[in-house]
Amino acid sequence: MSETTLSALVQGQFINGRVTEGSSGQYTSVTNPATGAEIASIQLAGTADVDAAVAAAKAAFGPWSTTIPAERSAVLAKFARLMEERAEDFAQLESAQAGKPIRLAREFDVPGTIDNIDFFSGAARNLEGKATGEYSADHTSSIRREAIGVIGSISPWNYPLQMAAWKVLPAIAAGNTIVLKPAEITPLTTTLFAQIAAQAGLPDGVLNVVVGKGSIVGDYLLRHPDVDMLSFTGSTPVGRTVLDAAATTAKRVHLELGGKAPFVVFEDADLEAAIHGAVAGSLINSGQDCTAATRAIVHRSLYEEFIDGVSKLYAQVKIGDTTDPATDMGPLVSMAHREKVAEMVERARGYARVIGGGIPEGEQFANGSYYLPTLVADATPDSEIFREEVFGPVLAVTPFDTDEEAIELANDTPYGLAASAWTTNVYRANRATREIRSGCVWVNDHIPIISEMPHGGMKQSGFGKDMSTYSLDEYTVIKHVMFDLTGDARKEWHRTIFSVD
Ligand code: NAD
């Protein structure tokens with residue numbers, strides 16, 4: 001698809017069921033990180049646009065939250081089918097704005113999103129609670145699970161479509177309305193997503209998208225008095241700002257933050273599988289994945305063989321033209337981000353063994369923010385590359401001698417989002433899943449996610465769950481309803497007040 005055709009898919013803001021222009025007077029240039037070419041120039045939202053979006057969401061909440069689950073489910077089912085029809089448009093737009101290889105967008109981002117919509121279409125009809133019953137002899141108690149209200153949500157640039165979907169779908173399936181602010185460098189598929197949802201019958205105001213700067217529009221949304229809950233996916237430092245806003249305005253909050261996933265290769269691992277897993281798990285989306293394998297912790301007996309195997313496969317990864325289905329890895333999201341990644345690797349050269357890496361040479365890479373796969377061997381546990389989130393195609397490797405040491409290294413991080421354990425010993429595998437402190441532990445694999453299972457962190461990777469029916473808990477509030485069974489004016493328990501009969 002040419003960039004001229006892509007531009008036909010570009011929208012600005014999506015407020016109260018309509019595509020609108022931002023009102024800030026400031027523009028953001030959305031560029032293709034693979035080519036440096038501008039795809040769109042969008043007028044950013046200002047605080048007046050947030051006010052309009054929140055007002056629309058507030059007005060839509062009453063009617064939407066009182067629809068029966070089957071109605072919400074039907075809208076979502078239709079939404080999934082319309083997304084299927086537009087799958088290629090979404091894949092092209094996502095690939096262009098985020099610099100993803102088209103194969104990744106076609107086979108992962110877009111079908112994953114459609115599956116998520118289908119899942120929440122079903123889950124909308126399966127909200128659960130404790131059984132109604134007599135927990136006091138004189139009363140019947142029951143549970144109402146209710147929508148919370150207007151959700152203020154903020155999403156990142158690494159998987160713009162999927163991260164927006166993970167925020168929006170459980171929220172609206174449960175009957176909430178939402179104002180979502182995508183990252184301003186990758187807003188295009190989020191606005192199109194909202195537009196297609198409206199075409200599927202989602203009422204005006206239920207899903208609004210404001211494209212604006214985090215520090216202005218994002219901050220304003222977080223502190224808005226008519227926003228009832230905050231849900232955020234992004235970095236841990238900005239997550240702290242979200243918590244601060246939640247504290248000062250007393251709002252419920254759900255945070256999906258950074259990660260620094262350990263990839264533990266025990267002495268009995270299938271080494272070939274571990275090597276392939278490390279390459280795929282560290283390079284997916286150019287390593288710009290919160291669950292990417294970033295710290296390979298490898299038993300000393302396999303250490304050099306692992307490094308050799310990974311670096312050989314790294315050299316075979318096909319990097320380049322993101323529109324070519326044969327391309328394995330695209331650029332980083334921006335030149336600024338590449339600079340940050342490159343600087344961290346340069347610093348690592350001073351204290352560790354860096355294999356590969358750097359900016360690729362050649363005409364086809366000249367205008368893109370490409371960075372080569374990089375292995376940083378002998379990374380000490382206290383080093384920057386082992387501790388800090390790089391968010392690039394960089395895998396730090398460190399050896400261990402005992403299982404205890406491996407688990408200690410895996411847990412020696414403020415993050416706790418995802419991890420993997422590579423072993424053919426069932427007891428070792430079970431111990432690892434119990435002892436590693438993270439929201440997900442894969443055994444003999446790294447990265448797969450599924451709509452039915454929760455995604456979310458521990459420690460400074462945040463709290464709350466995306467996807468699965470657990471995410472519906474985040475976006476609903478439980479109300480206790482209690483009925484008196486006696487009809488008596490003077491209840492048994494009134495003895496605490498009326499001491500004399
Ligand atoms: P980021 O924190 O810089 O930005 C995320 C969003 O927050 C953007 O929309 C941005 O505009 C907004 N923002 C920035 N400053 C703000 C402020 N002061 N107030 C309100 N909003 C503000 O993150 P990023 O660079 O876009 O994304 C990468 C990060 O996201 C990584 O740390 C990654 O690990 C994390 N991430 C986590 C998950 C997860 O599920 N846990 C998933 C994807 C990405």
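This passage describes the ligand site and the nonpolar cores of a predicted model.

The ligand is located in the largest pocket, where 30 residues surround it. Among these, Ser-155, Ser-235, Leu-257, Glu-389 and His-455 are the closest. Polar contacts to the ligand involve both side-chain and backbone atoms of the protein. For Glu-389, a polar side-chain atom is placed 2.4 Å from a ligand oxygen atom. Glu-184 also faces a ligand oxygen atom through its side chain, with an N or O atom at a distance of 3.0 Å. Leu-257, by contrast, contributes a backbone N or O atom, which lies 2.7 Å from a nitrogen atom of the ligand. On its own the ligand has 850 Å² of accessible area, of which the protein covers 88%.

In soluble globular proteins, nonpolar side chains tend to be buried together. In the present model, the largest nonpolar core comprises 58 residues. Phe-79, Met-83 and Phe-193 have the most contacts inside this core. When neighbours within four places in sequence are set aside, the contacts of Phe-79 are Ile-117, Leu-169, Phe-193, Ile-196, Ala-197 and Ala-200. A second core, separate from the largest, contains 29 residues, including Ala-34, Val-265, Val-279 and Phe-365.

Conventions. Residues are numbered from 1 along each chain as its sequence is written. This is a predicted model: local features need pLDDT of at least 70, side-chain atom pairs count only at pLDDT 80 or more; totals for chains, interfaces and linings use all residues. Side-chain values use heavy atoms; hydrogens and water are left out. A nonpolar core is a set of buried Ala, Val, Leu, Ile, Met, Phe, Trp, Tyr and Cys residues joined through side-chain atoms within 4.5 Å. Buried means under 20% relative accessible area, exposed over 50%, partly exposed in between (1.4 Å probe, protein chains only). Contact means heavy atoms within 4.5 Å. A residue is near a molecule or strand if one of its heavy atoms lies within 4 Å of it. A polar contact is a pair of N or O atoms within 3.5 Å; within protein, one must be able to donate a hydrogen and the other to accept it, and residues adjacent in sequence count only if both atoms are side-chain atoms. Accessible areas come from the Shrake-Rupley method with a 1.4 Å probe; for residues, only the protein chains shown count as cover. On a 1 Å grid over the protein atoms alone, a cavity is a set of points where a 1.4 Å probe fits but cannot get out, and a pocket is an open set with protein on both sides within 12 Å along at least five of seven lines; lining residues have an atom within 4 Å of a point. A molecule sits in a cavity or pocket if more than half of its atoms lie within 2 Å of its grid points.
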